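Please follow this walk through a protein model, moving from its sheet to its helices, its aromatic rings and a few individual residues.

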Amino acid sequence: MKNFNFILWIILLDCLCNCSTSASVSNNNPSEILNIKHHTYKTVNFLTSDGLKVYADYYSSNGKRSPLIILYHQAGYSRGEFRNIAPRLVDLGFNVLAVDLRSGDMLNQVTNLTQKEALKQGKSTSFVDVIPDLEATYDYTKNKLKSKKIIYWGSSYSASLGFYMVSKYPQDYEALIAFSPGEYFQIENKNISDYAKDIKIPVYTSSARNEESTWKPIFNSIKSKKQFYLPSKTPGHHGTIALSTFYDDSEENWQAIIPFLKTLK
């Protein structure tokens, strides 16, 4: 029943977020598909500059010297997007911080606690309003968790915001991973591709096949080391959810990104 509810959420939220692709979804138990060790996490919180409490799940099995990936969800989602993605990243040798941004909602029966707090405080929850959340997350990983290598991983709108963040703070991040970015908004009257020109770190981009035109101008603006991947056998999916084991074609996407991840160790 839980898997069925998850699938309904995916279908509904894909429509709301203009995710136009579709593929078969597996009804198997995700713990059977993953075939990896179980990794525990703890839910932490920290304050933004505008006084909002941000919540995140912290997977720390690999010790403080290991690189840390910050996972940011797509529109209408929560940190629940990563419940069967983060454990595999841990198995690959990374620590993970899966963050609830104030622009989002419940997914996979995981409530977006940051959005809940924002609504309670009467704060706006548009895409660009999450920038203080992103800044506070970096400060937390650097100063509280003492992470030495920090990787920004965004999905859809948060992927686009990644180009802004790593251009504004060029010394802070080791790499940028962007699933289904696009020119969804402007920041300070500049397009996302304008920020992409200033990036000096490695960038990995992926999306559904029919989304290539959405992010290609951004990708073409990048002057640093970069690579992209489009599914070869299926239409693919919008955002990082393409790696979810609920999709039959998730392994193809994993095998594409794993070599890039290994360069960041």
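**A helix across two strands**

Helix α8, which spans residues 212-221, lies across β7 (203-206) and β8, and its direction runs at about 170° to that of β8. The model is a predicted one, and every value discussed here is computed from its coordinates. The two strands beneath this description, β7 and β8, pair in the parallel sense over four bridges, and within that pairing Thr205 has Phe228 in β8 as its bridge partner. The chain crosses from β7 through α8 to β8, and this β-α-β crossover is right-handed.

These strands belong to a wider arrangement, an open sheet of eight strands with mixed pairing, whose order is β1-β2-β4-β3-β5-β6-β7-β8. At the edges stand β1 (42-47) and β8 (226-229), and because each has a single partner strand, one side of each is left without a neighbour in the sheet. From one strand to the next, the twist averages 20°.

Elsewhere in the sheet order, strand β3 (residues 68-72) is joined to strand β5 (residues 150-155) by four bridges, and the two run parallel. Within this pair, Leu68 stands opposite Ile150 in β5. Helix α5 packs on the sheet, where it touches β1, β2 (53-59), β3, β4 (95-99) and β5, and its direction makes about 115° with that of β1.

Helix α5 also leads to the aromatic residues, for which the count comes to 14 aromatic pairs. In one of them, the rings of Tyr138 and Tyr173 have their centres 5.3 Å apart and their planes at 55°, so the pair is classed as tilted. Tyr138 lies in helix α5 (residues 131-144), whereas Tyr173 lies in the loop between α6 (157-168) and β6 (175-179), and the pair therefore ties together parts that are 35 residues apart in sequence. Are these two residues buried or exposed? Tyr138 is buried, with a relative accessible area of 10%, and Tyr173 also counts as buried, at 4% relative accessibility. Both belong to a cluster in which ring pairs link Tyr72, Tyr138, Tyr152 and Tyr173.

Rings also take part in arrangements with lysine residues. Lys190 lies over the face of Tyr195, at 4.4 Å from the ring centre, while Lys265 lies over the face of Phe94, at 5.5 Å from the ring centre.

The loop between β6 and α7 (192-196) contains Ser180, and Asn189 lies in that loop as well. Phi of Ser180 is near 60°, which is a positive value in a residue other than glycine, and phi of Asn189, near 65°, is likewise positive in a residue other than glycine. Their accessibilities fall into separate classes, since Ser180 is buried, with a relative accessible area of 1%, whereas Asn189 counts as exposed at 71% relative accessibility.

A last residue to consider is Asn253, which is found in helix α9 (residues 250-262). Asn253 is buried, with a relative accessible area of 3%. Which residues does Asn253 touch, not counting those up to four places away in sequence? The contacts of Asn253 are with Tyr204, Ser206, Tyr229, Pro231, Ala242 and Leu243. Among these, Tyr204 and Ser206 fall within the range of β7, residues 203-206, and Tyr229 falls within that of β8, residues 226-229, which returns the reader to the strands where this walk began.

Note on methods: Residues are numbered from 1 along each chain as its sequence is written. This is a predicted model: local features need pLDDT of at least 70, side-chain atom pairs count only at pLDDT 80 or more; totals for chains, interfaces and linings use all residues. Side-chain values use heavy atoms; hydrogens and water are left out. Rings of Phe, Tyr and Trp (its six-membered ring) pair if their centres lie within 6.5 Å; planes under 30 degrees apart count as stacked, over 60 as edge-to-face and the rest as tilted. Buried means under 20% relative accessible area, exposed over 50%, partly exposed in between (1.4 Å probe, protein chains only). A charge sits over a ring if NZ of Lys or CZ of Arg is within 6 Å of the ring centre and within 35 degrees of the ring normal. Two strands pair if DSSP finds at least two bridges between them. Axes are lines fitted to C-alpha atoms, for helices over the stretch in contact, and angles run from 0 to 180 degrees between N-to-C directions. Contact means heavy atoms within 4.5 Å. A crossover is right-handed if, with the strands pointing away from the viewer, the path from the first strand over the helix to the second runs clockwise.
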